[in-house]
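Hi,

Here is the complex I mentioned, ready for you to load. Have a look at it first, and then read on for what turned up.

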Amino acid sequence: MKKIIEKFLITSIFVMIIVSTFLSMINVYSQAENIVKIGWGGTSFDTFNPFTTYAQVSGWATSDVYDTLVRFDKTYTKFIPDLAESWEMNSTHVVFHLVKNATFHDGVPVTAYDVNYSFYLASQPWSRLSPNVEGVEKIDIIDNYTIAFKVKSPIIFMFMAATAVPIVPMHIWEKVSDPSTYPDYPPIGSGPFKVVDYREGQYILLQKNPSFFRRDWIPNVDKIMIVFYSDVTSASNALRAGDIDAVGPYVPVAVVNDLMNDPRFAVFKVRPVLYFYMAFNMYPEGKGNPTLRDPVVRRALAHAVNVSYLAELAWHGYAQPLATVMPTTNIFYDPNLKPYEFNLTLANQLLDQAGYKRGPDGIRVSPNGTPMKYTILVPSNMPELVRVGQQIALWWSQIGVSADVKAMDTGSMASIIWTKVDNKTTLGHDIDIWDWFVTPGDPTILSVFLSNQVIMGTSDSGYVNPEYDSLYQKMLEAKDLDTVKEIAWKMQEMLYRDLPYLPLYQVTAPQAYNKNRITGFDLDWPGGPFGGYDWTVFLKIKIVSPTTSAPATTTTTTGLTTTTSFTATTPVSASATPIISTSATQVATTTTTAAALPGISVETSLIIAIIIIVIIVLGVVIWATTRRGKAS
Amino acid sequence: MSSRYSRYVVRRFLGAIIAVFAILTINFFIFRILPGNPIELLFRNPRLTDEQIRALEAQFGLDKPLIDQYFIYLINVFQGNLGLSFFYRQPVTSVLMPRMINSLILVLPSTLAAIALGIVAGLISAWRRGSKTDVSILLIGMSLYSLPTFWLGGIFILLSIYYLHLPVSGMLTYGAVYSSWTDLLIDFLRHFILPFITLTLVMFGEFMIIMRNTLIDVLTEDYVTVAIAKGLSQTKILRDYALRNAMLPTISIIAINLGLVVAGAVLTETVFSWPGVGRLIYDAILNRDYPILQGAFLFITISVVIANLIADLLYGLLDPRVRYG
């Protein structure tokens with residue numbers, strides 16, 4: 001009996017080993033090789049409805065499914081015509097002339113009525129885009145292909161609305177009973193890609209729309225798949241295992257060296273769109289430590305933080321210190337601001353002069369008796385922030401300030417920061433460290449510091465300044481870009497002086513792709529090609545050559561590589577040169593034959609292996625039942 | 001079956017129904033106790049206006065008093081409506097069902113394999129108590145039991161990247177077109193094998209330890225000594241005397257684990273990017289997606305209750321003391 005059992009145990013372990021070796025030797029070759037796969041780690045795809053989606057990946061994955069009136073180029077200062085062929089602007093109106101041969105994926109022509117209806121949907125209170133189209137006062141349809149917008153500021157309209165509102169088909173959306181919960185799958189747009197398959201939590205599959213109206217935008221590859229991962233580490237592992245061809249929004253610093261040492265991969269730094277900051281609760285009605293409302297205290301604390309050191313500590317060469325509330329890629333970034341000098345003596349002097357005397361325990365106490373003891377909240381999903389917080393606490397201890405770092409999930413953090421007292425939202429924390437992703441062509445980040453933003457649950461500093469509020473309104477009504485910039489700079493200087501935020505560092509996160517597989521896209525878009533901002537990457541991406549991982553498929557792939565040749569070798573810029581589509585790639589992707597069949601021996605041995613597994617399970621069942629039969 | 005047994009069955013059924021009701025209630029309130037408002041969190045967005053936030057709250061029924069929300073929830077559950085996911089903006093069932101099937105595909109075979117291996121290893125270990133075999137099995141079982149899943153999974157992923165060249169994410173090669181069902185099967189198995197082994201190894205220890213310890217207790221009983229003295233064969237002693245009595249605690253462990261099969265395996269699924277319920281729950285907690293969490297927990301708890309009910313009924317059959325007690 002016991003020998004049988006021992007044999008059984010040993011055999012089953014052997015079977016496992018044998019099966020896994022078998023499986024590692026055979027690889028099923030299939031048409032998946034012709035699909036470019038981009039992994040995305042982090043918050044997954046939420047919905048196709050472009051008016052209710054909040055996930056970055058959703059907007060990015062569908063950026064070439066829907067058209068907008070105009071598009072940004074990679075400098076975010078020039079506009080590329082999309083559905084609008086041309087446009088005219090005066091100080092109150094923007095008139096768009098639409099292209100005449102554009103059709104939705106179902107064949108219905110795109111007209112001014114669709115544009116009008118899309119802007120109507122965007123302006124609904126449930127729409128995420130309603131603040132973008134706030135400045136629109138009136139829309140006039142002049143004819144089928146001409147539409148006029150009466151707006152507060154034409155330049156702000158171009159930056160925030162014309163580039164952002166996706167044009168959806170009126171003939172479909174007007175029949176939807178509740179567009180706010182409409183899942184919009186499969187989505188019908190007019191863009192160069194169609195969505196052909198979507199598995200929630202797994203992937204979205206895009207297919208080239210060969211009848212797209214801008215011939216120079218026709219994608220180079222037939223199919224692009226965006227694969228969702230719960231975090232960037234899993235996505236990076238999948239890249240290394242060859243499951244996918246690229247990783248976004250970034251690869252973790254921990255695996256960068258492994259990727260760099262592997263000749264298959266190209267690793268590069270992206271232009272920053274993400275920055276980290278420290279927010280001081282200075283809200284007059286807030287519940288935090290009241291000493292933080294004193295500007296001298298905030299200045300002293302700022303002088304006691306070495307931002308360059310923190311950037312290095314957290315991101316090992318992939319972050320730079322920052323002095324203002326937006327990253328350098330934002331066109332409204334104020335380059336005149338420099339980080340506060342790290343000077344503990346100066347910090348001590350400032351506090352001494354302001355009357356913050358050290359208590360018996362070495363911790364300073366305000367003139368009216370409040371000790372300078374703070375709690376710093378940090379999100380626990382970013383472990384490096386705990387170290388950043390602890391380092392700050394260490395510096396502060398040298399100026400007589402005690403700080404306690406608390407890591408928690410963002411949900412709990414938000415509930416501490418925006419607490420409800422008597423049904424009114426107020427700020428309940430002292431200090432928090434968090435991040436913002438900032439769209440390069442958008443000054444909206446400045447609205448976080450408006451006086452009414454505490455009750456909205458966006459301001460974690462409680463900055464209240466009527467002068468700032470009126471400047472923001474002025475900016476939204478400015479008539480030209482220079483005025484917008486001038487006002488935006490003035491606002492940033494106010495924030496620099498008043499310190500609701502102490503900006504820490506911006507992240508030039510590494511991204512990676514398999515250079516043996518894909519090529520052809522720009523690396524210098526803000527956020528990188530896979531960061532969720534670059535809408536041209538899907539159009540420009542090209543397959544280098546199909547991977548040859550299985551010996552059985554070598555003949556097929558050799559045949560393919562010979563037919564693949566590229567006419568455009570350098571990445572082409574989106575603004576000036578048209579995006580060249582190479583017919584050769586299309587040949588390569590369409591001539592692929594069906595999957596090569598594995599040999600008979602493999603097949604049979606595999607079936608045997610499966611049978612053995614089944615026997616293991618069945619054996620236990622039978623063994624258990626016979627035992628019962630005898631016993632009763 | 002005696003009327004006593006049927007009375008026992010009825011009592012168990014009533015117990016199960018009460019348990020499900022309790023679950024429904026706890027299920028609703030437990031997520032409301034969690035700090036954090038889903039609207040604030042999902043849409044941390046400087047552009048949201050007050051009007052928009054209110055519209056979103058109304059859309060998900062979050063503007064009503066808690067007690068009203070509770071009754072609406074109860075009524076909807078009985079109509080089979082688990083609500084609309086905050087994050088996916090889709091009915092919960094349509095998000096949950098495919099995920100549950102994916103989880104079953106991974107977790108059921110792994111649980112069965114772990115049970116089979118665990119019982120067998122536990123048997124050997126108990127029979128040869130104190131021997132080198134026992135010590136080594138115990139050591140292996142204990143260390144596997146205490147290994148962090150993500151670490152074990154990570155080791156397999158590294159092995160795969162450098163030596164095995166197996167895929168480390170997903171259930172199938174996404175976008176693949178298969179020319180025959182064997183291709184599909186092979187592709188599936190290539191994706192399946194690593195998470196399967198990881199999960200089996202992690203669960204193996206639990207079953208092995210339970211089996212070994214209860215069997216050791218039984219083997220020291222007088223009737224086993226008598227059986228040995230009678231000169232009965234090892235097989236007969238183990239099978240007819242020891243195992244039957246040692247089976248009871250093992251059955252309840254097995255029942256709970258089989259019930260938990262629909263819960264997926266959070267860590268294994270996350271490490272291997274398996275699109276199962278575990279990963280869905282993980283994401284839903286981060287997003288404060290109450291309806292998804294409620295739906296998932298409802299299914300899990302009901303399935304555990306049913307598995308326990310079956311275990312109870314089996315108990316009644318296996319051990320007369322239970323039904324007459």
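Let me start with a helix in chain A: the buried residues of α7(A) pack against three elements of that chain, namely α6 (232–241), β12 (265–269) and β23 (510–514). Those buried residues are A:Val255, A:Val256 and A:Leu259, in a helix that runs over residues 253–260. Looking down the axis of α7(A), you will find them within an arc of 130°, so they line one face of the helix. On the face turned away from that buried side sit the exposed residues A:Ala254 and A:Asn257.

Before you go further, keep in mind that this is a predicted model. For the complex, the predictor reports an ipTM of 0.79 and a pTM of 0.78. In chain B the mean pLDDT is 82, and 92% of the residues score at least 70. Within chain B, confidence is highest in helix α5 (residues 92–127), at a mean of 88, and lowest in helix α2 (residues 38–42), at 60. Where pLDDT is low, the predicted coordinates should not be read in detail.

Now for chain B as a whole. What is it built from? Chain B has 14 helices and zero strands, so to speak one α after another along the sequence. Its C-alpha atoms fill a box of roughly 85 × 60 × 40 Å along the principal axes. Of its 325 residues, 54% count as buried. Taking the contacts in chain B between residues at least 6 apart in sequence, 78% join residues at least 24 apart.

On the surface side, chain B exposes about 13,900 Å², and carbon and sulfur atoms supply 69% of that area. As for charges, chain B has 24 positive and 19 negative ones, and the mean positions of the two sets are 9 Å apart.

One residue in chain B that you can look up is B:Pro148. Where is B:Pro148 found? It lies in the loop between α6 (132–146) and α7 (149–164) of chain B. With a relative accessible area of 36%, B:Pro148 is partly exposed. Between B:Pro148 and B:Ile26 there are 30 Å in space, C-alpha to C-alpha, and the two are 122 residues apart in sequence.

Cheers

Key: Residues numbered from 1 in each chain as written. Chains lettered and ligands numbered in written order. Predicted model: local features only at pLDDT ≥ 70, side-chain atom pairs only at ≥ 80, totals over all residues. Heavy atoms only, no water. Helix = DSSP H or I, 4+ residues; strand = E, 2+ residues; numbered from the N terminus. Buried < 20%, exposed > 50% of the residue type's maximum accessible area, 1.4 Å probe, protein only. Contact = heavy atoms within 4.5 Å. Areas by Shrake-Rupley, 256 points an atom, 1.4 Å probe, with all protein chains shown as cover. Lys, Arg positive; Asp, Glu negative; His and termini not counted. Charge placed at Lys NZ, Arg CZ, Asp CG, Glu CD. Arc of directions from axis to C-beta. pLDDT = per-residue confidence, 0-100.
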